[in-house]
Amino acid sequence: MKKITLLVFAIIFLVLPTSAYAQWDDCMKGLENDPYPGSCGRYIDTDGDGICDHSQPAPEDRETTISTSSTSETTNAVSGVDPMELITGEDLKYKTVAEVAQLYQLNLDEFINALKEKTGIKAISANTSFIYLHDNYGLSPNTVKTIATALWEQNQGNAQALSQVQTTTTQQQTKNNYYFLLLSLGLIGSYLVTFVLSRLNIISTIKHRQIWNIFLSATFLATGLLGILLVLRLSYGLVIPLPFNMLFWHVETGIAFTMIALFHVLWHIPYYKSIWPKK
C-alpha cells in the first residue's frame with residue numbers, strides 16, 4: 001500500500017511537465033477560445049495567453065489583425081470614465097496585453113515597456129495574457145490598471161503620472177496574503193485527529209506515522225520543485241507556464257512542510273536528547 005501511494009505521488013509530479021505537448025483546435029466539446037480554468041479537465045495553455053490550446057488554432061495560424069468593428073467599439077472607451085473603473089480586475093485577467101492597450105487607447109510598445117519597467121517582468125509581449133502573468137509572477141490586475149491609467153494620464157499631458165507608479169506598484173506586489181495561521185491550525189487539528197485515532201486503536205501508531213510521512217514527502221517535493229522552477233525563472237529566464245501562482249504555492253507548501261517536519265521532530269525527541277549526554 002505504501003509503495004502504491006508513493007508511486008501515485010511520483011506520477012503526479014512527473015506529469016506536471018506534460019503541458020509542453022499541446023494539441024491545437026481539437027476541443028471535444030467544440031469550444032472556441034475557452035478561458036482559464038477551462039470547461040473540462042483537459043485545459044492546457046502552452047503559449048500563456050489564458051486560452052485553452054485545444055479551443056484555438058496554433059499560434060502561426062491565428063489572425064494578427066484587429067477587426068475594424070472591435071476598434072470602433074473602444075475608440076472612445078476612456079472618455080468620461082474613471083480609467084481605474086474602465087474594466088474589472090476579474091475581466092482584465094482574461095485579456096491580453098494588446099487588448100488592454102487597445103482598451104486604454106495606449107501605444108502597444110509603450111504599454112509593454114511600461115509593464116516591463118514597473119514590474120520587472122521581462123516575459124511580456126502583445127499576446128501575453130494577464131492570467132498568465134498573475135499565476136506565474138503574482139502580477140495583480142490592480143497593478144496593471146494603475147500602470148495603464150498612469151500611462152493614459154501621461155498621454156493626456158500629466159508628465160509625472162507614470163513616474164509616480166513605482167512606489168504604488170511595489171507596495172501592491174509585496175502585499176501577499178498567505179494562510180500561515182489557517183494552514184498551521186488545520187494541520188495541527190488533522191494531526192490530533194490521527195493521533196487520537198491511534199490512541200483509541202482505531203488505526204495503528206505505525207499507520208498514523210505513515211500518513212504523516214507521506215504528507216511530509218509530498219510537501220517536501222512540492223516545495224522543492226516549485227523552488228527550482230522559481231530559480232530557473234528568476235536566474236535564467238526559463239519560464240514553465242503553470243496554471244497557478246508558483247510563488248504563492250511555494251510558500252504555502254513550505255509552511256505545510258515545516259509544520260509536518262515539527263511533528264516528525266517531536267517523535268524523535270529522545271534521539272535528539274541522546275546527542276547531548278547527561279552530566
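Helices here are DSSP runs of at least four residues, numbered from the N terminus. In this predicted model, that convention places Lys93 in the loop between helix H3 (89–92) and helix H4 (97–103). Although Lys93 belongs to a loop, its relative accessible area is 15%, and because buried means under 20%, Lys93 counts as buried. Its contacts, leaving out residues up to four places away in sequence, are Phe130, Ile131, His134 and Pro141. Leu133 belongs to the same story: its C-alpha atom is separated from that of Lys93 by 8.7 Å, with the two positions 40 residues apart along the chain.

A second loop residue can be read in a similar way. Asp45 sits in the loop between helix H1 (2–15) and helix H2 (68–73), and it is buried, with a relative accessible area of 14%. Asp45 and Pro241 are 196 residues apart along the chain, yet their C-alpha atoms are separated by 7.5 Å. Pro241 is also one of the residues in contact with Asp45 once neighbours within four places in sequence are set aside; the others are Gly50, Ile51 and Asp53.

With these two loops in place, the view can widen to the whole chain. Its secondary structure comes to twelve helices and zero strands. Of its 279 residues, 35% count as buried. Among contacts with a separation of 6 or more, 62% join residues 24 or more positions apart. The chain exposes about 17000 Å², and carbon and sulfur atoms supply 61% of that area.

Helix H5 offers a convenient close-up. This helix covers residues 108–119, twelve in number, and reaches 16 Å from its first C-alpha to its last, close to the 16 Å expected at 1.5 Å a residue. Its buried residues are Phe111, Ile112, Ala114, Leu115, Lys118 and Thr119. Seen down the axis of H5, these buried residues fall within an arc of 160 degrees, so they line one face of the helix. The background is familiar: an α-helix has 3.6 residues a turn, so residues three or four places apart point the same way. On the other side of H5, Asp109 and Glu117 are exposed. Both ends of the helix also have something to show. At the start of H5, a side-chain oxygen of Asn107 comes to within 3.1 Å of the backbone nitrogen of Asp109. After H5 comes Gly120, with a positive phi near 80 degrees.

Aromatic side chains provide another way into the fold. The count comes to nine aromatic pairs. One of them joins Tyr191 and Trp212, a tilted pair at 5.6 Å centre to centre with 55 degrees between the planes. Tyr191 lies in helix H9 (residues 180–199) and Trp212 in helix H10 (residues 205–236), so the pair ties together parts that are 21 residues apart in sequence. Both partners are buried: the relative accessible area is 11% for Tyr191 and 3% for Trp212. Another pair is made by Phe220 and Phe257, whose ring centres are 5.7 Å apart and whose planes stand at 45 degrees, so this pair too is tilted. Phe220 in helix H10 and Phe257 in helix H11 (residues 246–267) are 37 residues apart, and their pairing links distant parts of the chain. Here the partners are partly exposed, with relative accessibility of 48% for Phe220 and 25% for Phe257. The Tyr191 and Trp212 rings also belong to one aromatic cluster, together with Phe195, Phe215 and Phe263.

Phe263 leads on to helix H11, where it is among the buried residues. H11 has 22 residues and reaches 32 Å from its first C-alpha to its last, close to the 32 Å expected at 1.5 Å a residue. Other buried residues of H11 include Met246, Phe248, Glu252, Met259, Ile260 and Trp267.

Helix H9, home of Tyr191, also holds Ser198. Ser198 is buried, with a relative accessible area of 7%. Not counting residues up to four places away in sequence, Ser198 touches Ile203, Ser204, Thr205 and His208.

Conventions: Residues are numbered from 1 along each chain as its sequence is written. This is a predicted model: local features need pLDDT of at least 70, side-chain atom pairs count only at pLDDT 80 or more; totals for chains, interfaces and linings use all residues. Side-chain values use heavy atoms; hydrogens and water are left out. Helices (H or I, at least four residues) and strands (E, at least two) are DSSP runs, numbered from the N terminus. The expected span of a helix is 1.5 Å times one less than its number of residues. Buried means under 20% relative accessible area, exposed over 50%, partly exposed in between (1.4 Å probe, protein chains only). The arc is that of the directions from the helix axis to the C-beta atoms. A polar contact is a pair of N or O atoms within 3.5 Å; within protein, one must be able to donate a hydrogen and the other to accept it, and residues adjacent in sequence count only if both atoms are side-chain atoms. Contact means heavy atoms within 4.5 Å. Accessible areas come from the Shrake-Rupley method with a 1.4 Å probe; for residues, only the protein chains shown count as cover. Rings of Phe, Tyr and Trp (its six-membered ring) pair if their centres lie within 6.5 Å; planes under 30 degrees apart count as stacked, over 60 as edge-to-face and the rest as tilted.
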